[in-house]
Amino acid sequence: MPIETPTPAPVSAAATPPAPAPPALSGRDRLVLFVLCAAQFMVALDFSVLNVALPVLGEDLVLSRSGLQWAVTAFALPSGGFLLLFGRIADLYGRRRLFLTGLAVFGASSLLATLAWDPASFLAGRALQGLGAAAIVPTGMSLLTTTFPEGPLRDRALGISGTLLSLGFTVGMVAGGVLTDTLGWRSTMGLLTGAAVIVFVLAPKVLGESRTPDRPELDVPGAVTVTGGLLALIYSLSTAAERGFGGVDVLVTLVLGVVLLTAFVVVESRSAAPLVSLPMLRRRTVAFGNLGGLATFSMMSTIVFVLTLYLQDLLELSALGTGLVFGVQGLASVAAGVYAPGIVGRIGARRTLVLSLIGQGVFTGSLLGLGEDSGVWLATVAVSAASAFHLGAIIAYGLTVTSGVPNEEQGLATGLVTTTQQVGITVGIPLLGVLSTTQSSLFEGVRLVVAVAAVVLVVSGLAVGAGLRRAR
């Protein structure tokens, strides 16, 4: 007699348990995120808040044109040169400790720049600001990635951080014009002093200490070669923006930078406790993620720079009017920051990075439609759309590089991320700025820079897509 097996009753769709909702940020999470994002916003603000004030500052402190360029370079040199070193020191000796130290240095040096009585004191303040920023940026990012576990919470936290990083650069241009016109150039540095004090007071109350469980010796030869190489390279490219690549000091420091960075790779391959893990650099997610980050930051900073020249020198738009154009760009960044984490959750960080780079390139290319005597509306729409894709690329490349990296190496990974940010912001303008001077007019120079930036972004997007497709 056959045995009849009862057929199980079908399970209705309604009985299927719903997918769990993404975890919400707790009250403490929000406080931690506020402090870390405020610090990142403050540093981003410093990159641009002084730009509009430079002519007035030069008259007040009797700074020459080359001296005004050093007002920017003095900050960029240490902020880009010491990032990797400080990221590793934070891993070994405490991220919170170095973060607070960086805030103290940044606040004190901002006060020095506010009260500067001559060019030397002002430039010293700017250099110390850069040193403080070099400690704040990698430690702030590694505190964020170690506080928020990989997944929706980290995606959301990085989305907010990336939005404020992009917004800080834009707000700085608007705030710089308003403050300079109403309160004078010193108020721009005073704003940074106040921000540093507020973050410094709040940070110890909400941030916990974190470091690697073991504390290997610091790789001194690696630290010397990479820091020296980055300093030499950034100096060379920054100086070339003013005088071109024909100067002896530019060529010597360019060669020195390449030699030292090559030596750094050799040193790291033989070190028992390397500053940078070469196996990490061989990861496709790290290598191609940082390539995408370098492209998006360098090209966006360059486009903002040449559009400022175009709007003010060709279209004769006021400093405030120019700031408002970039204010719209900032709003586009905020909107993108709201939606980008959701897009990353649906299609993944890698695809988001590729599509964002290509989208940024397409809208950058649309600026070729600008005219010699008109183009404010096109500039506003195109740079805002490009900025929205740029924000997506910022979030996606940070997630791509840091995903799968153990907590004890997060300082190293985020040090690479933030080094890419700072170097990208620093080198884009000198490289393409020099290229623009080869043309017969400012308008033709702007068009050439726009065309090159668009091509670089699209090609980088395709290269990153091909590289990440084969990543494990």
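Among contacts in the protein chain between residues at least 6 apart in sequence, what percentage join residues at least 24 apart? The share is 83%, where a contact means heavy atoms within 4.5 Å.

This is a predicted model, in which local features need pLDDT of at least 70 and side-chain atom pairs count only at pLDDT 80 or more, while totals for chains, interfaces and linings use all residues. Residues are numbered from 1 along each chain as its sequence is written, and side-chain values use heavy atoms, with hydrogens and water left out.

The protein chain has 17 helices and zero strands, these being DSSP runs numbered from the N terminus (helices H or I, at least four residues; strands E, at least two). Of its 472 residues, 54% are buried, a word that stands for under 20% relative accessible area with a 1.4 Å probe, protein chains only. One such residue is Met-141, which is buried because its relative accessible area is 9%; Met-141 belongs to helix α6 (residues 119–147). Although Met-141 and Cys-37 are 104 residues apart in sequence, their C-alpha atoms are 9.0 Å apart in space.

Four helices each supply at least two residues of the lining of the second largest pocket:

| Helix | Residues |
|---|---|
| α9 | 220–243 |
| α10 | 248–270 |
| α12 | 284–314 |
| α16 | 410–436 |

The largest share of this lining, five residues, comes from α16. By class, the lining holds 14 nonpolar, three polar and no charged residues, where Ala, Val, Leu, Ile, Met, Phe, Trp, Tyr, Cys and Pro count as nonpolar, Asp, Glu, Lys and Arg as charged, and the others, Gly among them, as polar. A pocket is an open set of points on a 1 Å grid over the protein atoms alone, where a 1.4 Å probe fits, with protein on both sides within 12 Å along at least five of seven lines, and lining residues have an atom within 4 Å of a point.

Key
Buried means under 20% relative accessible area, exposed over 50%, partly exposed in between (1.4 Å probe, protein chains only).
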